[in-house]
Amino acid sequence: SFSTTGITVGYSKQLRWPDFYTQLGFSLNYTQYHLHNYQIVYTGDFASFRNGNSNDINLRISLSRNNLNSAQYPTSGSNVSAFAQLTPPYSLMGYKDATSPDPSKKYKYIEYQKYRFTGDWYVPIGPPHGDDHKQFVFRVAVKMGYVGKYNSNPDVTLSPFQRFQL
């Protein structure tokens, strides 16, 4: 079995600069992953991590701007967001189990730095047509992400959690 338990406390504020469409948010998150005879599909260190608990304590800082003219079928505007999600650098703070060969010790407190940028831009092409004002729209989208570790020691590896799925 695989289960998660978590709690998040967050605060978000609408900014006046550069305009009223912009928001800044902060959240403190705690998630516990509990594995009991669970096979993680990844290769490497994760294959032997079948039982135990992993704790993820992180701070997430997000900046977003959304001025779409419709949430369901936008025809103009943009939706851009970026975030950084950071855990304490346990391996740099003297946490010796970060290099342990035992995965239940190694991933007891997971550490990572995660960044993501997403953007959608909608530009109408030509005038609206018909009774329902249908319109061709040109959409440009981008999604980029990075997950890294703080410590360059090869024995300190990323955890199987908080990865990007492709």
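**Notebook: the β-sheet and Asn151**

I began with Phe117 and looked up its bridge partner in β6, which is Met144. I note at the outset that I am working from a predicted model.

From that pair I went on to the strands themselves: β5 covers residues 113–129 and is joined to β6 by 14 bridges, the two strands running antiparallel. I reminded myself that strands of a sheet pair through backbone hydrogen bonds, either in parallel or in antiparallel fashion.

Next I traced the whole sheet, which is open and has six strands in the order β1-β2-β3-β4-β5-β6, with antiparallel pairing. Because β1 (2–14) and β6 stand at the edges and each has a single partner strand, one side of each is left without a neighbour in the sheet. For the turn between neighbouring strands of this sheet I noted an average of 15°, with direction ignored.

I then moved to Asn151, which I found in the segment after β6 (134–148). Is Asn151 buried or exposed? Its relative accessibility is 14%, and because the cut-off for buried is under 20%, I entered Asn151 as buried.

Looking at what surrounds Asn151, and leaving aside residues up to four places away in sequence, I listed contacts with Ser91, Leu92, Glu111 and Val156. For Ser91 I could add that its side chain and that of Asn151 are joined by a polar contact of 3.2 Å. I also recorded that a polar atom of the Asn151 side chain lies 2.9 Å from the backbone nitrogen of Asn153.

Conventions: Residues numbered from 1 in each chain as written. Predicted model: local features only at pLDDT ≥ 70, side-chain atom pairs only at ≥ 80, totals over all residues. Heavy atoms only, no water. Helix = DSSP H or I, 4+ residues; strand = E, 2+ residues; numbered from the N terminus. Buried < 20%, exposed > 50% of the residue type's maximum accessible area, 1.4 Å probe, protein only. Polar contact = N/O pair within 3.5 Å; in protein donor to acceptor, adjacent residues only side chain to side chain. Contact = heavy atoms within 4.5 Å. Pairing = 2+ DSSP bridges. Axes fitted to C-alpha atoms, helices over the stretch in contact; angles between N-to-C directions.
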